[in-house]
Amino acid sequence: MKVVNLKQAILQAWKERWSDYQWAINMKRFFPRGATWDILNLAEALLEQAMIGPSPNPLILSYLKYAISSQFDDFSRDLCVQSLLEIMDMFCDRLSCHGKAEECISLCRALLSALTWLLRCAAFYAEKVKEPLEQAAAENQLKMCLERLEKVLSSTKNRALIHIAKLEETSSWSTVDQSLIKLGENLNNLGSSPLRSQADDCVSLIKSIPTMLSVHSEQLNKTGFPTVHAVVLLEGTMNLTGETQPLVEQLMMVKRMQRIPSPLFVLEIWKACFVGLIECPEGTEELKWTAFTFLKMPQVLVKLKKYPQGDKDFTEDVNCAFEFLLKLTPLLDKADQRCNCNCMSLLLQECSKQGLLSEANMNNLIDKRAADKENSPSLKSAENANIQPNPGLILRAEPTVTNILKTMDADHSKSPEGLLGVLGHMLSGKSLDLLLAAAAATGKLKSFARKFVKLNEFTKQITGEISKSGPVRALLFDISFLMLCHVAQTYGSEVILSDSNPPGEVPFFETWMLTCMPEEGKILNPDHPCFRPDSTKVESLVALLNNSSEMKLVQMKWHEVCLSISAAILEILNAWENGVLTFESIQKITDNIKGKVCSMAVCAVAWLVAHVRMLGLDERDKSLQMIRQLATPLYGENTLQFYNERVVIMSSILEHMCADVLQQTATQIKFPSTGMDTIPYWNLLPPKKPIKEVLTSVFTKVLEKGWVDSRSIHIFDTLLHMGGVYWFCNNLVKELLKETRKEHTLRAVELLYAIFCLDMQQLTLTLLGHILPNLLTDSSKWHTLMDPPGKALAKLSVWCALSSYSSHSKVQASARQKKRHREDIEDYISLFPLDDTQPSKLMRLLSSNEEDSNILSSPTDRSMSSSLSASQLHTVSMRDPLNRVLANLFLLISSILGAKTAGTHTQFVQWFMEECVECLEQGSRGSILQFMPFTMVSELVKVSTMSSPKIVLAITDLSLPLGRRVAAKAIAAL
C-alpha cells in the first residue's frame, strides 16, 4: 500500500495493531530518509489521533513514547526535554484503556519504557548539579523530572501496570535497576535539599513495585488467639506421636491468616501448654502433656525460627513472649502447684539449650519468676515433698530412651538375662509411661516399638533350649508383648505397624494386633479364621491347661500358644456350659493361663470380648465370669520374675479392652487398683441425650468461654466419629449462622477452624463441596448469609480451603481420622463428573451464563472458555477431590457474579474473595485462586470494594502470560 500522508499511516497502524517497534520499522519504510520527523509534525499528528476518544489511545501514545525514547537521548537540549515532560503531564495521571488485552499489555510496556526514560533523565540532571555554572538550570530540570516521576508513581494503578510489564519483560527491569543505581550515586550531589527527599521517595516507590502485594499489617488490637490455643491443645491431647513439621506448618498458616504478631503468637503457644498441664487428667495423660510441653514444643519453636521473620529476631520474640507470660502469675502458680516444681525455670532452661533464648535473657527471666514466686503460696507440703516432679523426670527420661534403644540393638542371644534386667527396671513404677511419653514427644516411639517387635520375634527361637533359659525367654516374650499392647492402646496401633516388612514376613505381634486385638471402633468376628488355628495344637493346649498343675516353659512356642488360646477358651467354655467342667476346674485353668505369662490372659480376654458381643443377654454370664477370673491377679509364690509389674500393665490392657463391652452389657468388673489411671476421656457423652443437643450445648459453652478445653475436644471428636462428617459440619455451620453479634461470629470462626482441625481435609471437602453450594443456590437460604454470620462463614471457608490445599498433598490421615468413613473420590465424581464430554449440571448452568466467552481471545491465544483457569494451564490433577471441589466452587462463584440478580449470596461471594486476598501471600501460583476462571476477573472489578489494582494483581496468576493479559486488561479499564 502506498501511504499518502502521516495520518493515513497512523490509522493503518491502529487498525492493524502494530507494536511500537513495528511502527518504527514501517515509518522508515514509508517515508524517505531525508525527511526528519519534525518536518512531518509527527508528535502533533500522533497526539491529535491519541486524544480523539474519551481517554488517550494508549497504542498511539506508545508510538510517541517509542519515538521519544528511541530518538531522544540528548538530555543536554533542555527545552526539548521540557516539552516532552509537559507532554507527559497530559496523560501520566489518567491512563486507561478499554481495548483488547494486547493493547493493555502494550500500555504496560510503554509505561515501563517511560519510567526508564524518566529515570535516565533524572540521573543525567542529578549529575549536572555538581557543575557550578549549570547548577540552577540542572536543579530546575531535575525538579520537573521528579515531579513527573512522582505523578506517575503515586498512582497505584500505574505501579500495578509497571509490575505487570516487569513480569512480561524481565530484561527491561534490569535497565530500571541500573538507572536506579546511577541515580542513587548522583543523589549525593544534592546534599539534603527537598529535591533529595523527593528523589528518595520516588526511588523507594519504584523499589516497592516488585513486592507491592506482600505487605500485610499485623493485628495489634487483640491479645488472645483461640485458634492457636486450640491447635496446640488438640495436638497435645491427641497427637503426641505426630511429626512436628505438619504442626509447624499449621501454626504458621494460622499466624499468617490471622496476621498474629510473633511475640503474641509464641505467648499463645505457651499459654496453651500451661493450660494443658493444669487441666489434663492424672496418670498417663499428665506425663504425655509434660513431655509435649518440655520436649516437643521447644523443637516446634526451633522449626518456627527457621521461617523468614523479615528484619525481626525470633529469639527476641521468644524473650518478649516469656516476659508477657511472667505477667500471668495465677496461670504459672497453678501449673507449678500441679507439677510440684518451678515449670517456668525448667522450660526457660530447655529453650536456652535449643538456642531459642540467650543466656542473659534466660537468667533475667528466671530471676523475675523466682522473685514473683516468693509471694505465691508455698508449694511444699508434707505429702508432696517426696514426690518427684514430672517435668524433671521427663527431661531425664529423654536421654534414657536413647540408651535403651542402643541396648535393644545388641544381639539378644548373647545376654538375654542382662536385657531382662533392663526391661524389668523399665516396668517399675511409672518408668514405662515416662519413657514412652519421652519417646513419643521426640519422635522415637516408632523405633522404640520396632525394637520390641523384633525382640518378640526373637523369642520364637527355641532350638536346643535348656530348662534354665526357658523362663527368661518366656519373660522376654511376655514383657515385649505387654509393652506393645500398652503402646498400641495409649498411642495408637499405627505406631507399631511397619511399612518395611519383607513380603510374607509380617511379625507375629502385628498379625495378632490387626486381627485379634479389640480397639475402639473395631468390631471383631469371634469365628474369624485367625481365632481357629490347627485343632491338634488346640487340643494339646486344652489338655495342658486342664491337667498340669502349672504351665511348662521350656520349648514352648509362645506365639502359637497365643494364637491357639482363643479356640482353647471356646472348648473350655463349652465344656463348662455343658457341665463337663466344674467352677473349680475353671479356676485352675484360668490360674494356669494368667499365672506365668500374662500375654495368654490378654489373648484369651481379647477373644472373649469379641465373643460376648455376639451372645444374647442370658448367655453372657459364664463368659463374663471367665473375664473376671482372668482379670484377677494370682498372688502365689510360684510366679515368674517381675509378676507384680507385669500384672499392673496387664490390668490396664484388659480394662481398655473390656471398657466398651462392659458398658454395653451393664456389667461391672473390678480391675485391681494398680495406681494407673482409669481410661482418660472415655465415655464422655451424657446418656439419653440426642447427639445434636450435645453438640450445640458443648459449642455454646466453648463460645462463651472463648477457648476450647481438652475435654471438649474429645467430645467433638466422639461426635464427629458418631455423627459423620456431613452431620458434624452442617450442624456447626448452622450454629455459626445463628450468631448475630460481630465479635461472637469472629470468635466462633476462630474456634470452628480449630475444631475442624480434628479432620480438616474431610470437613473442608464437605463444607466447600456440599454445604456452601446448597446455601448459595437455594434462594430460601440466602437470608442466612447476611452480615455478620455470612461474612464469618466466608472467612471460615477460605481458612479451611487454604489450610487443606496447602497440606493435602503432604499429610497422611492420622489413625484417629482413619477410623472414620473416608469420603471417597467417587462421592465427588458423581457430584461433578470427570468426563468433560458430559458436563455436570453446574457446568452447563455456567456456560449458558457467559455472553461472550472469547473476550480475551486473540489469534495467538487458545480459545478461552468461561471455565478456563490457571489451574488448567498448570495442569493440576482434577482427580483429586479437593482440586475438583475448589474448581467447581469457583465456577459457582463466577456464575453468581455474572448473574442478573444480586442478593446476600452475591455479597457472600464478595466477602469470600476479599478474604482470599487478605490471606494470600504474594504470587497466587499454587494457591486456591488458581481455580478461579479468568473471565471472573472482569466481573469482580465491577464490585466497588474489589475494584483496586492490588486486588486484581492478587487474584490473577501473573506467572502465566494469559494471567498477565487478564490483569492488564482489568487494571487498565479501572
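**Close-up views of a predicted, helix-only chain**

**View 1. How sure is the model?** The protein chain has a mean pLDDT of 81, and 86% of its residues reach 70 or more; pLDDT is the predictor's confidence in each residue, from 0 to 100. This is a predicted model, where local features need pLDDT of at least 70 and side-chain atom pairs count only at 80 or more, while totals for chains, interfaces and linings use all residues. Residues are numbered from 1 along each chain as its sequence is written, and side-chain values use heavy atoms, with hydrogens and water left out.

**View 2. Helices throughout.** You'll find 46 helices and zero strands here (DSSP runs numbered from the N terminus: helices are H or I, at least four residues; strands are E, at least two). Of the 974 residues, 55% count as buried, meaning under 20% relative accessible area (1.4 Å probe, protein chains only).

**View 3. The shaky parts.** Helix α40 (residues 841-847) has the lowest mean pLDDT among the elements, 42, and helix α34 (residues 725-738) has the highest, 95. Over residues 833-864 the pLDDT is below 50. Where pLDDT is low, don't read the predicted coordinates in detail.

**View 4. Helix α27 meets helix α29.** The axes (lines fitted to C-alpha atoms over the stretch in contact, with angles from 0 to 180 degrees between N-to-C directions) of α27 (residues 558-577) and α29 (residues 598-613) come within 9 Å and cross at roughly 45°. That makes the two helices oblique to each other (not under 35 degrees, over 145, or 65 to 115). Among the residues in contact (heavy atoms within 4.5 Å) are Trp558 and Leu573 in α27 and Trp607 and His611 in α29.

Note on methods
Buried means under 20% relative accessible area, exposed over 50%, partly exposed in between (1.4 Å probe, protein chains only).
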